[in-house]
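I opened this model to look up its charge pairs, cysteines, sheets and helix packing. The notes below follow the order in which I looked.

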Amino acid sequence: MRALGLDLGGTNIKLALLEDGVLVEQREAATRSDDGGPAAVLARLVELGGSVGPVDSVGVALPGLFDEHGVATLLPNLYGAWAGTSVREPLEAAFRMPVRLINDGHAFAVAESRAGAGRGAKNVLCIVCGTGIGGGLVLGGRLHLGPNERAGEFGHHTVAEEGPPCECGNRGCLELYAGARAIAAAAGARSFDEALERARAGDDAARKALARAGQLVGLALANVLIFVAPDRVVVGGGVAQAGDLFLEPLRTSVTERARVAPLDRIAIVTAELGPSAGAIGAAFWSAS
C-alpha cells in the first residue's frame, strides 16, 4: 500500500510517501501562493505528488477550514482568494482517484499520535505552533473531529478580549500573539528565525517575546487540560524549535493555571516527526 501525503503550508508544500505504513520518501517544494493564486498552488501540489510515481491513496493537509464538499472556507496563511475555491475536485481530477482532505493541525495529531511522541497513549492533545497555531485531540486512539471537522482550532482561543481582529472573525486570538510572525514582530525581528537567533544570543526583547508566547500557549493549554485531562500533550511546529525559551514558560503557565488537573499524570513532550509531520499524517489519513 503506497499512501501519499501532501501538506500545503504557507511557505512550502511537503510530501511524505508511506509504504505499508512506513515512511520511505520525503520531498518539498515552494508554495509560492502569491504567484498565480489558488489554481497555480493546486497545480504545484499535483506536480510534487506526481513525482513519486503511482500511489494507492492520496491525502492533503490544508492550513485552515474547508466544507464537506472540499471547498475552502478559511485558509488565512495563504495569499489569494481561497474562500469558495474547490480544492478536492481539481485534485481528484488530476490524481484520478479520491483525495481525502484534512486540516493540517489534525494531520499533525494523526502523525504524532500514531508514529511520533504520542504513540502508545490513548488520549493525546497535539499542538503545532508555526505561522498559525493548530492542533488535534485524539481520544481513545481516534482523532476527534467534531461537527464539520471543526474541532481542534487551538490557535483561535481568545487570550485578549479587546485584542486585534483575527481573520477568523474573532478578536484577540492566540495565534495573533504566539504565532511565528507575532513573535518576530514583538522581538523587532524580520522573521521568526532571526528572533530565535537573537534570543539564543541573549537579546532581551527576543527572549521576552518567546516567553510571552509560551505563557499564552500554556494558558490556552491549561484551559483544555482542566476539561479533558489527556495522557499526553505533544507540542511541535517551528516555534517549538526554540526549546526551553518557549517550553519552560509554557510548562510554568500550565502549572500555575491548571491546578485542578492531574498534572502529575499528564506528560508535556516535544514532537518527534519534525516538519514532515503534517504530510505523514495526511498519508495515514488517506489510507484509513
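**Salt bridges**

I counted salt bridges first and found nine in the structure. The model is predicted, and I read each distance below as a value computed from it.

I looked up Asp35 and found it in a salt bridge with Arg44, the closest N and O atoms being 3.6 Å apart. Asp35 is partly exposed, at 39% relative accessible area, whereas Arg44 is buried at 11%. I then followed the pair outward: Arg32, Asp35 and Arg44 are linked in a network of salt bridges.

Next I took Glu194, which forms a salt bridge with Arg190; their closest N and O atoms are 2.8 Å apart. Glu194 counts as buried, with 14% relative accessibility. Arg190 is exposed, with a relative accessible area of 77%.

I also checked Lys208, whose salt-bridge partner is Asp204, with 3.2 Å between the closest N and O atoms. Both residues sit in helix H7, four residues apart, which is about one turn of the helix. Lys208 is exposed at 54% relative accessibility, and Asp204 is partly exposed at 46%.

**A buried acid without a partner**

Which side chain of opposite charge is nearest to Glu175, and how far away is it? I found Arg181, 7.6 Å away; Glu175 is buried and has no salt bridge. The cut-off for a salt bridge is 4 Å between the nitrogen and the carboxyl oxygen, so Arg181 at 7.6 Å does not qualify.

I placed Glu175 in helix H4, residues 175-178. Setting aside neighbours within four places in sequence, I listed its contacts as Gly132, Ile133, Gly155, His156 and Ala182.

**Cysteines**

How many disulfides are there? I counted zero.

I looked at Cys129 and its closest cysteine sulfur, which is in Cys126. The two sulfurs are 12 Å apart, so they are too far from each other for a bond. Cys129 is buried, at 0% relative accessible area.

Cys168 is also in no disulfide; the sulfur of Cys173 is the nearest cysteine sulfur, 3.7 Å away. The disulfide cut-off is 2.5 Å between sulfurs, so the pair at 3.7 Å is not counted. Cys168 is partly exposed, with 34% relative accessibility.

**Strand S8 and its partners**

I went from Cys129 to its strand, S8, which covers residues 124-129 and has six of its six residues buried. Val124, Cys126 and Val128 point one way from S8, while Leu125, Ile127 and Cys129 point the other way. All of these are buried.

I found S8 paired with strand S9 (residues 133-139) in the antiparallel sense, over six bridges. Three residues form the hairpin connection from S8 to S9. In this pairing, Cys126 stands opposite Gly136.

I also found S8 paired with strand S11 (residues 232-236), here in the parallel sense and over five bridges. Val128 of S8 is opposite Gly236 in S11.

**The five-stranded sheet**

I traced an open sheet of five strands in the order S3-S2-S1-S4-S7, with mixed pairing. Its edge strands are S3 (22-30) and S7 (99-103), each of which pairs on one side only. From one strand to the next, the twist averages 20 degrees.

Strand S4 (residues 57-62) pairs with S7 in the parallel sense over five bridges. I noted two matched positions: Val58 is opposite Val99, and Val60 has Leu101 as its bridge partner. S7 is mostly covered, with four of its five residues buried.

I then checked what packs on this sheet. Helix H2 (residues 88-95) touches S1, S4 and S7, and its direction makes about 140 degrees with that of S7. Helix H3 (residues 104-115) lies across S1, S4 and S7, at about 95 degrees to S7.

**Helix H5**

Last, I looked at helix H5, residues 180-187. I found Ala180, Ala182, Ile183, Ala184 and Ala187 buried there. Their cover includes H4, helix H6 (192-200) and helix H7 (204-228). Gly188 follows H5 and has a positive phi, near 70 degrees.

Terms used: Residues are numbered from 1 along each chain as its sequence is written. This is a predicted model: local features need pLDDT of at least 70, side-chain atom pairs count only at pLDDT 80 or more; totals for chains, interfaces and linings use all residues. Side-chain values use heavy atoms; hydrogens and water are left out. Two strands pair if DSSP finds at least two bridges between them. Axes are lines fitted to C-alpha atoms, for helices over the stretch in contact, and angles run from 0 to 180 degrees between N-to-C directions. Contact means heavy atoms within 4.5 Å. Buried means under 20% relative accessible area, exposed over 50%, partly exposed in between (1.4 Å probe, protein chains only). Lys and Arg count as positive and Asp and Glu as negative; His and the chain ends are not counted.
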